[in-house]
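Dear colleague,

I am passing on the structure below for you to look over. My notes on what was found in it follow.

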Amino acid sequence: MNNKNKKLKILLVDDDKDDRKFFSEALFSLDLNTELKEVENGAACLDYLKSKHTNNPDLIFLDLNMPVMDGFECLDEIRKLEEFKDSIIAIYSTSASEKDIETTFNKGANIYLHKPVNFQDLKKALKQVIKTNWSYHTNDFKRENFLLKV
């Protein structure tokens, strides 16, 4: 997904300020060629994606439980946007509910990551998501590949 010269653009959609800080610290400690943009809810995510000056993200980490517009509705809306219908979307949630996992799978998310509470587990999970060969992963997309186990 990422060549040596191109920064991987990541968009984090999460209403929790502490979770965003934890995510960004873990991401930048990996020393990968990434750039991170953060927004606080689904509506802000859609505004950002629709803005014409936006550098389109290569990877979107989407929380589910947020005010204004939750992750389920945001996922639906992203998939309706032609230029983002094939974007890689990782659900990044505290929910481990089978219903939430199934719903986001059916709505077109690419992977489901239960938010790790341990910094090392978060780093390991982020590295795994970022280093995934998404062209292969999306061609062989199955329900059993959806939930990331850390």
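In this predicted model, the largest nonpolar core (buried Ala, Val, Leu, Ile, Met, Phe, Trp, Tyr and Cys residues joined through side-chain atoms within 4.5 Å, where buried means under 20% relative accessible area with a 1.4 Å probe, protein chains only) has 23 residues, and those with the most contacts inside it are Leu11, Val13, Cys45, Leu49, Leu62, Ile78 and Ile91. Two or more residues each come from strand S1 (8-13), helix H2 (42-50), strand S3 (59-62), helix H3 (71-80) and strand S4 (88-93), helices (H or I, at least four residues) and strands (E, at least two) being DSSP runs numbered from the N terminus. A second, separate core of 19 residues includes Leu8, Leu12, Ile88 and Ala90.

Leaving aside neighbours within four places in sequence, Leu62 is in contact (heavy atoms within 4.5 Å) with Val13, Gly71, Cys74, Leu75, Ile89, Ala90, Ile91 and Tyr92.

In helix H5, the buried residues are Leu122, Lys123, Ala125, Leu126, Val129 and Ile130; seen down the helix axis, they fall within an arc of 165° (taken from the directions from the axis to the C-beta atoms), so they line one face of H5.

Overall, the protein chain has six helices and five strands, and 47% of its 150 residues count as buried.

As to conventions, residues are numbered from 1 along each chain as its sequence is written, and side-chain values use heavy atoms, with hydrogens and water left out. Local features need pLDDT of at least 70 and side-chain atom pairs count only at pLDDT 80 or more, whereas totals for chains, interfaces and linings use all residues.

With best regards

Definitions and conventions:
Buried < 20%, exposed > 50% of the residue type's maximum accessible area, 1.4 Å probe, protein only.
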